[in-house]
Each structure stands twice: as structure tokens, then as C-alpha cells.
Amino acid sequence: MAAKDSSVHLVTGDLGFGVLKPYWERFPDQFTNAGIAEQNMTSFAAGMALEGKTVFTYSIGNFPTIRALEQIRNDCAYHEANVKIVCVGGGFVYGSLGMSHHATEDLAIMRGLPNVTVMAPSDPSQAQLATEAIYAHPGTCYLRLGRGGEPELNCPSEGFQIGRAMPVFDGNDAALLFTGAIGDEVLEARRLLAAEGVSVAVVSFPTVKPIDADAIADLATRFGVLVTVEEHNVVGGFGGSVAEVLSELPNPRARLVRIGLDDRYSSIVGSQKYLRDVYGMSARKIAARVREVANA
């Protein structure tokens with residue numbers, strides 16, 4: 001992007017150097033290390049954006065979002081500034097560092113801000129498409145990433161756009177809706193269920209806000225059970241967004257089941273895979289929950 005547009009600027013909160021080094025070596029005048037000062041980083045980005053720049057801020061977990069919430073709200077979103085907030089380490093990526101590094105409320109908080117677009121791609125291909133999309137999209141955007149190295153899920157990419165859900169597999173017995181890097185668990189859960197003769201559709205939602213209400217309404221007419229999966233608190237996040245859509249349908253057929261962190265902080269530490277299993281987000285526990293509700 002920067003090779004085509006010198007108005008793009010990248011600001012980091014003193015991390016990500018292994019990832020960002022090729023960028024700053026090629027475009028040194030379009031890079032700033034703001035230090036471990038995410039609130040200042042965000043206000044600095046807003047000022048640059050209001051002078052015509054498109055600014056990407058970058059930090060891990062909660063730091064570019066919850067720590068800088070007032071600056072995002074007052075300086076970026078209120079002014080519809082072209083600031084693209086990038087979080088690496090969504091969910092339990094940094095699980096071994098404890099709850100201060102568990103990003104499990106960010107989707108709810110960011111989608112609650114007017115004028116903020118919220119993206120949570122599921123694999124490297126979606127991450128690239130989402131980055132290109134928010135670059136072209138006016139205003140403040142939030143891009144929630146994993147840690148890197150996530151497997152390619154081979155989700156369809158044709159027609160990718162902000163606000164559009166992406167069907168991955170069709171099915172008959174239930175539909176699994178997911179957002180973010182939890183997709184590997186979802187697809188493995190589908191495989192486990194298929195081996196038992198349970199047929200589930202899978203739909204990827206790389207955009208949490210604006211949510212694809214038309215896709216949800218269509219799924220609600222086709223399936224008796226919709227199951228949302230997110231590496232996030234079930235309150236206010238992706239599942240909450242789906243619930244809001246369903247609540248306004250005239251006669252929704254579908255029952256909604258939300259899988260995620262059950263309105264709590266994690267009081268334990270461990271790897272991402274370990275914490276996913278503890279809190280019911282592993283493939284085998286997703287499959288067990290779908291099996292339970294599909295047969296109810």
C-alpha cells in the first residue's frame with residue numbers, strides 16, 4: 001500500500017519489530033515508534049489522519065484498544081479519522097501472560113463505538129483481504145488478528161468485502177457461525193461431527209460490525225439451530241451481534257447458542273490451545289455442544 005500511497009503511515013507501540021522491520025527499512029519516513037504509550041500513539045495517529053494521512057496503529061492484546069479507549073472514542077471515531085487500529089494477539093494468544101494480556105472484551109468494546117468498523121479475519125488470506133479493505137474504507141477501523149502462523153482455512157475469498165459473511169461449508173442439521181482465529185477449531189469440530197453423521201454448515205464472519213444481517217436472517221430460515229463461536233466474552237461480542245439481529249426478525253425459526261468465554265475473566269494461565277479447551281472453545285467441546293443442541 002505504501003509503495004502506491006505516500007500518505008500511509010504506520011505507528012507501533014514499541015513492539016512487532018520482527019514483523020515491521022521490512023516496512024520501516026523500505027519506508028523509513030512512513031514509520032514511527034511511539035514507545036510504550038498507546039494513548040499518545042492513538043492521539044498522534046488521529047492528528048496525522050486529520051491532516052490527510054491514513055494511519056495504522058499496531059500493538060498487542062488490549063493495549064491499542066482498551067488502554068487507549070478514550071483516545072479512540074474522542075480523537076478517532078468522533079472525527080471519523082482514517083485511523084486503522086491493529087491488534088495482534090486476539091483472544092487467548094498470550095494466554096501464558098495472564099488476564100492482562102487476554103483480549104476477550106475488545107470486540108464488544110470496539111463495536112460499541114459509533115463510526116468504528118470491526119474486523120476479525122480467520123486466517124492469513126482473510127487478514128490480507130481485511131487489511132486491504134480497511135485501507136480503502138474511510139474512517140476508523142479495528143482489525144483483530146491472531147499471533148501469526150495460523151493455518152490457512154481455505155475460506156472462500158471471492159467477493160470479500162466489509163460487512164459480508166463468507167459461507168465455507170453447507171450442511172443440514174445446524175449452522176456454525178464464527179469470527180476470528182478460532183476458525184481452525186470450528187472446522188475441526190465440523191469434521192468430528194461429520195464422522196458421526198451430523199451435517200453442519202459453517203459460515204465465516206470476518207466483519208463483526210457492520211454485521212451481515214441478511215446472511216443471519218437467511219440462516220435463521222434454513223436452520224433450527226445457529227451456534228456462534230468466538231474467542232471472546234459471549235456478552236456483547238460476535239454472538240451478541242447475531243442475537244441482536246435475530247431479536248428483530250419477525251418470526252425467527254432458529255435457536256441461538258453462543259460459545260465463548262462465559263462472562264468471566266480467566267483466572268488461570270496456559271497456552272492458547274489449553275485455555276480454549278478449559279473454556280469450551282476447543283474442537284471437541286464445540287462438537288459436543290453442537291451435538292447436544294442439534295439433538296434437543
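**A guided tour from the surface to the pocket**

Start by selecting Ile268, which is partly exposed, with a relative accessible area of 30%. Please keep in mind throughout that the model on your screen is a predicted one. Ile268 sits in the loop between strand E12 (255–261) and helix H9 (272–278), and if you add Tyr274 and Val278 to the selection, you will have the three residues that make a nonpolar surface patch of about 240 Å².

Next, select Gln272 and Arg276, two of the residues that line the largest cavity. This cavity has a volume of about 60 Å³, and the count of cavities of 30 Å³ or more comes to two. To display the rest of the lining, add Gly90, Gly91, Pro121, Arg144, Leu145, Gly146, Gly180, Ala181 and Glu231; the elements that contribute two or more residues to this lining are E6 and H9.

Keep Leu145 selected and turn to the largest pocket, whose volume is about 780 Å³. Its lining consists of 30 residues, and those closest to the centre of the pocket are Leu145 together with Val19, Tyr58, Val86 and Thr131. Which element supplies the largest share of the lining of the largest pocket? Colour helix H5 (124–136), and you will have the element in question, since H5 provides five of the residues. At least two lining residues each also come from strand E1 (8–12), helix H1 (17–26), strand E3 (54–60), strand E4 (83–88) and strand E6 (140–145).

From E3, follow the chain into the loop that leads to helix H3 (69–77), where you will find Thr65. Is Thr65 buried or exposed? Thr65 counts as buried, because its relative accessibility is 1%. If you then select Tyr142 as well, you can check a contact across the sequence: the two residues are 77 residues apart along the chain, yet their C-alpha atoms are separated by 8.7 Å.

The cysteines make a useful next selection. How many disulfides does a search of the whole structure find? The search finds zero. Cys76 and Cys87 show why. The sulfur of Cys76 has its closest cysteine sulfur in Cys141, at 11 Å, and is therefore too far away for a bond. For Cys87 the closest cysteine sulfur is again in Cys141, here at 15 Å, which is likewise too far for a bond. Cys76 counts as buried at 0% relative accessibility, and Cys87 is also buried, with a relative accessible area of 0%.

The last stops concern the backbone. Select Asp14, in the loop between E1 and H1, where phi is near 65 degrees, a positive value in a residue other than glycine. The relative accessible area of Asp14 is 32%, so this residue is partly exposed. Then move to Asn115, which lies in the loop between helix H4 (106–111) and strand E5 (116–119); Asn115 is not a glycine either, but has a positive phi of about 70 degrees, and at 39% relative accessibility it counts as partly exposed.

Finish at Pro210, located in the loop between strand E10 (207–209) and helix H7 (213–222). Show the backbone atoms of Lys209 along with those of Pro210, and look at the peptide bond that joins them, which is cis, with an omega of about 0 degrees.

Conventions: Residues numbered from 1 in each chain as written. Predicted model: local features only at pLDDT ≥ 70, side-chain atom pairs only at ≥ 80, totals over all residues. Heavy atoms only, no water. Patch = residues over 30% accessible without salt bridge, like charges linked within 9 Å, V, L, I, M, F, W, Y side chains within 5 Å. Areas by Shrake-Rupley, 256 points an atom, 1.4 Å probe, with all protein chains shown as cover. Salt bridge = Lys/Arg side-chain N within 4 Å of Asp/Glu carboxyl O. Helix = DSSP H or I, 4+ residues; strand = E, 2+ residues; numbered from the N terminus. Buried < 20%, exposed > 50% of the residue type's maximum accessible area, 1.4 Å probe, protein only. Disulfide = S-S within 2.5 Å. 1 Å grid on protein atoms, 1.4 Å probe; cavity = no way out; pocket = protein on both sides within 12 Å on 5 of 7 lines; lining within 4 Å. Points joined across faces, edges and corners; volume = space filled by probe spheres on them.
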